Amino acid sequence: MARPNKRTTLREVAEATGLSTAAVSYALRGKHVSKETEERVRKAAADLGYEADPIARALASGRTSTVGVLAGDLQDLWQQQLMAAIGRELLAGDRYALILDAGGDPERELTLAKQLRDQRVDGLLVSPVDPSAEGWSKIADAVPVVSIGDALSRARTAGEVLFDNRAGIDAVLDYLRGLGHRRVTVLTPTGPSTPDRPADVYVREAADRLGIEAEVLPCPQELDAATAMARRVLANSPDGRRPAGLAAPTAVFCFSDSIAYGVYAAAAEASLTVGRDLSVVGFDDHPVSRVLTPPLTSVDWGLAAIAKEAARLAVAAIEGRRVRRKRILCAPRLSERGSAVAPRE
C-alpha cells in the first residue's frame, strides 16, 4: 500500500537555508528580514514543495485567515453581488470569506452568527435581517463584527457601513410626488417578526410629510414569490391588507430591485406597461435593472465602495489597528430611467 506523501516542514526549509525556523517563518510572511533573505527562503520553500500548514499557523497566530460573511437573504440578487465583492476584497488581503445565508430569517441569522463565532472566524461581516436583536451583543463581544446596511443597535461593533435610508426614501418619494403620484405601495423584504426596521419607519414619516397615501407590505425577494405578491397588489387585493377605500397604487416602490422584477412580471401578466400604466422604482440598482424594458429607475448605493470599506474595517479590527472612522454612511444616488412617469389619471 502506497504511503501518503510527507509534508515538507518548516524545519526542513530552515535546514536548507541555514536559518532558524523563526527567521524562515518571518521570511515567508515578508516580515523583519531583508528582501534578499525573503527571496532565498521563498525559493528554497518552492524547491522543497513547502506549503504552510493552515492548522499549525492558526494555532500559532490565533487566527484562521477566515472571515465570516453573513448575508441577510441571498434570494436578493444585489446581496449576491455584494457578498461576491466582499469575498474578492478579503481575498486580495489573503483572507477567505465563509459566506452563509440567513434566508431572511432572524432566528436562523443569529444561529449562523453563533456558529461562525464558534468556528473561530477572525471577524464577521453581517447584513442583518434583525439589527435590533439582543443576541448581537454577545457575538460582538467575542468576535469583531462589521455591520452593513443597518446598525446593530444593541452591540458594540468594530465598524459600520450604513445606508442613509432616510435620504434614499426621501429622494424616491419626493421624486414620485413630483411626478404626480399620491398612492404608492412600498414592498419591503422585512418580515412580520421585525416590523420596526428603520427604512420601514422612514417611509411612513416621509409619506405623512409629503401627503402621500403609502401602504407598506412585506414581500419575498425570490422572483416567483415577489411576482405573486405583486399580482395581489395590482389586482387591488393584497391578501386583504389594503385598508377599505384605498385604491390601487399608481406607483410601486420596491426595497430591492429583485422585488421590482416581480412587479414587472406581474404587470406584464395583467397587460400593464411599466413606465406607462404603472410606475416602478427599485432601491439598489442591480446591473440587470439597466437592461429591462423599460430600464428600472433605482437607487445606487455604491456597491464597490461598500464592499471595500466593510472589508477594510473588518481587517483593521482583526489586526488590532485603529481607524479614524468606524462608521461609514453611504449616500444614495437616484438613477432616473424609464420605469417612473406621471400617473395616467
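A residue is called buried here when its relative accessible area is under 20%, exposed when over 50%, and partly exposed in between (1.4 Å probe, protein chains only). Helices (H or I, at least four residues) and strands (E, at least two) are DSSP runs, numbered from the N terminus.

The model on screen is predicted: local features need pLDDT of at least 70, side-chain atom pairs count only at pLDDT 80 or more, and totals for chains, interfaces and linings use all residues. Residues are numbered from 1 along each chain as its sequence is written, and side-chain values use heavy atoms, with hydrogens and water left out.

**Whole chain**

Begin with the full protein chain, which has twelve helices and twelve strands. Of its 345 residues, 46% count as buried. Contact means heavy atoms within 4.5 Å. Among contacts between residues at least 6 apart in sequence, 67% join residues at least 24 apart.

**Stop 1: strand β1 and its partners**

Select residues 66–71, which form strand β1; five of its six residues are buried. Two strands pair if DSSP finds at least two bridges between them. Add residues 96–101, strand β2, which pairs with β1 in the parallel sense over six bridges. To see one of these positions, pick A71, whose bridge partner in β2 is D101. Now show residues 77–92: this is helix α5, through which the chain crosses from β1 to β2, and the β-α-β crossover is right-handed. Right-handed means that, with the strands pointing away from the viewer, the path from the first strand over the helix to the second runs clockwise.

Next, add residues 123–126, strand β3, which runs parallel to β1 and is joined to it by four bridges. V69 stands opposite L125 in β3.

**Stop 2: L74**

Select L74 in the loop between β1 and α5. Is L74 buried, partly exposed or exposed? Its relative accessibility is 23%, so L74 counts as partly exposed. Apart from residues up to four places away in sequence, L74 touches Q79, Q80, M83, I99 and D101. Measuring between C-alpha atoms in the viewer should give 7.9 Å from L74 to A102, a residue 28 places away along the chain.

**Stop 3: the second largest pocket**

On a 1 Å grid over the protein atoms alone, a cavity is a set of points where a 1.4 Å probe fits but cannot get out, and a pocket is an open set with protein on both sides within 12 Å along at least five of seven lines; lining residues have an atom within 4 Å of a point. Grid points are joined across faces, edges and corners, and a volume is the space filled by probe spheres set on the points.

The second largest pocket holds about 680 Å³ of space. To find its centre, select Q79, P189, R197, Q221 and F255, the closest to it of the 33 lining residues. Two or more lining residues come from each of α5, β4 (145–149) and α9 (198–210).

**Stop 4: strand β5**

Move to residues 159–163, strand β5. Five of its five residues are buried, so β5 is largely enclosed by the rest of the structure. G159, V161 and F163 point one way from the strand, while E160 and L162 point the other way. Strand β4 pairs with β5 in the parallel sense over four bridges, and G159 is the bridge partner of V146. Strand β11 (residues 327–330) also pairs with β5 in the parallel sense, over four bridges. There, I328 stands opposite V161.

**Stop 5: V263**

Select V263 in helix α11 (residues 257–269). V263 has a relative accessible area of 1% and is therefore buried. Leaving out residues up to four places away in sequence, its contacts are L187, A230, L234, V252, C254, L278 and V280. For L234, 29 residues apart from V263 along the chain, the C-alpha separation is 8.7 Å.

**Stop 6: backbone exceptions**

Most residues other than glycine have a negative phi, and most peptide bonds are trans. Three places to select depart from this.

- R120 has a positive phi of about 65°; R120 lies in the loop between α6 (106–118) and β3 and is exposed, with a relative accessible area of 63%.
- S271 has a positive phi of about 60°; S271 lies in the loop between α11 and β9 and is exposed, with a relative accessible area of 63%.
- T293 and P294 are joined by a cis peptide bond with omega about -5°; P294 is in the loop between β9 (279–281) and β10 (298–300).
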